[in-house]
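This report introduces a structure to a reader who has not met it before. The sequence and the model are shown below, and the sections that follow take up selected features in turn.

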Amino acid sequence: IKNTLNPHWKPMKINTRRLCDNNPDAVIRIECYDWDSDGTHDLIGEFFTTLAELEQTRPGKTFALVHPKKKEKRGYRHSGEIIVDQIVVDREYTFLEYIQGGCLLNFVVGIDFTGSNGDPRDSSSLHYLGGTTPNQYTQAITAVGNDILD
């Protein structure tokens, strides 16, 4: 946000897997920069927190932005503050968590028999239907199907 000392950012959405590997106690570093048109953005400061702390944050909570090179200077407190208006953590379950929770699946397979995949009567085709060994598609479908059944 340009030309203001009191920016109000739009709400943002960050996946907790990317933010902290879904570990609510992992330390997160949040940095704030002053935007420059030439691309040489200046660090205003940073603060450290955890997802657990953020989840307990009430509207109006402030985090001091401390510049790492200035923090040792005499009388320096901070270079500004981030004020949290709102934080919402929505749980997004993984596929495995759905399965472990009892979600039932129907297994449906579709196979592309277009000409670019070769004639199913030709032994070099991925769709080859002759011989004693199942073709690569059949082997893959069987392996995945057996894994899902387990």
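## Phenylalanine 107 and the nonpolar patch

Phenylalanine 107 lies in the loop between α3 and α4. In this predicted model, the residue has a relative accessibility of 42% and therefore counts as partly exposed, since that class covers values between 20% and 50%.

Phe107 belongs to a nonpolar patch on the surface, together with Phe95, Leu96, Ile99, Leu105, Val109, Ile111, Val144 and Ile148. The accessible area of these residues together is about 790 Å². Two or more residues of the patch come from each of the elements α3 (95-100) and α4 (136-149). The most is given by α3, with three residues.

## The nonpolar core

Nonpolar side chains tend to be buried together in soluble globular proteins. Which residues make up the largest nonpolar core here? It has seven members, namely Cys32, Phe47, Leu54, Phe63, Leu65, Ile82 and Val84.

The surroundings of valine 84 can be described further. When residues up to four places away in sequence are not counted, valine 84 touches Thr57, Arg58, Pro59, Gly60, Lys61 and Phe63. Of these contacts, Phe63 is also listed in the core.

## Salt bridges around arginine 29

Side chains of opposite charge can pair when their charged atoms come close. How many salt bridges does a search of the whole structure find? The search finds three.

Arginine 29 and glutamate 31 meet through their side chains in a salt bridge, with a distance of 3.3 Å from N to O. Arginine 29 is exposed, because its relative accessible area of 52% is over the 50% cut-off. Glutamate 31, at 35%, is partly exposed.

Arginine 29 also forms a salt bridge with glutamate 46, where the closest N and O atoms are 3.9 Å apart. This pair links distant parts of the chain, 17 residues apart: arginine 29 is in strand β1 (residues 27-34) and glutamate 46 is in strand β2 (residues 42-50). Is glutamate 46 buried or exposed? Its relative accessible area is 12%, and values under 20% count as buried, so glutamate 46 is a buried residue. Arg29, Glu31 and Glu46 are thus linked in a network of salt bridges.

## Aspartate 119, arginine 121 and serine 125

A further salt bridge joins aspartate 119 to arginine 121, and its closest N and O atoms are 3.0 Å apart. Aspartate 119 is partly exposed at 34% relative accessibility, whereas arginine 121 is exposed, with a relative accessible area of 71%.

Aspartate 119 has a link to serine 125 as well: its backbone oxygen lies 3.5 Å from a polar atom of the serine 125 side chain. Serine 125 is placed in the loop between α3 and α4 and is buried, with a relative accessible area of 8%. Not counting residues up to four places away in sequence, serine 125 touches Asn117, Gly118, Asp119 and Pro120. Between the C-alpha atoms of serine 125 and glutamate 55, which are 70 residues apart along the chain, the separation is 55 Å.

Technical notes:
Residues are numbered from 1 along each chain as its sequence is written. This is a predicted model: local features need pLDDT of at least 70, side-chain atom pairs count only at pLDDT 80 or more; totals for chains, interfaces and linings use all residues. Side-chain values use heavy atoms; hydrogens and water are left out. A salt bridge is a side-chain nitrogen of Lys or Arg within 4 Å of a carboxyl oxygen of Asp or Glu. Buried means under 20% relative accessible area, exposed over 50%, partly exposed in between (1.4 Å probe, protein chains only). Helices (H or I, at least four residues) and strands (E, at least two) are DSSP runs, numbered from the N terminus. Patches are made of residues with over 30% relative accessible area and no salt bridge: like charges are joined within 9 Å, nonpolar side chains (Val, Leu, Ile, Met, Phe, Trp, Tyr) within 5 Å. Accessible areas come from the Shrake-Rupley method with a 1.4 Å probe; for residues, only the protein chains shown count as cover. A nonpolar core is a set of buried Ala, Val, Leu, Ile, Met, Phe, Trp, Tyr and Cys residues joined through side-chain atoms within 4.5 Å. Contact means heavy atoms within 4.5 Å. A polar contact is a pair of N or O atoms within 3.5 Å; within protein, one must be able to donate a hydrogen and the other to accept it, and residues adjacent in sequence count only if both atoms are side-chain atoms.
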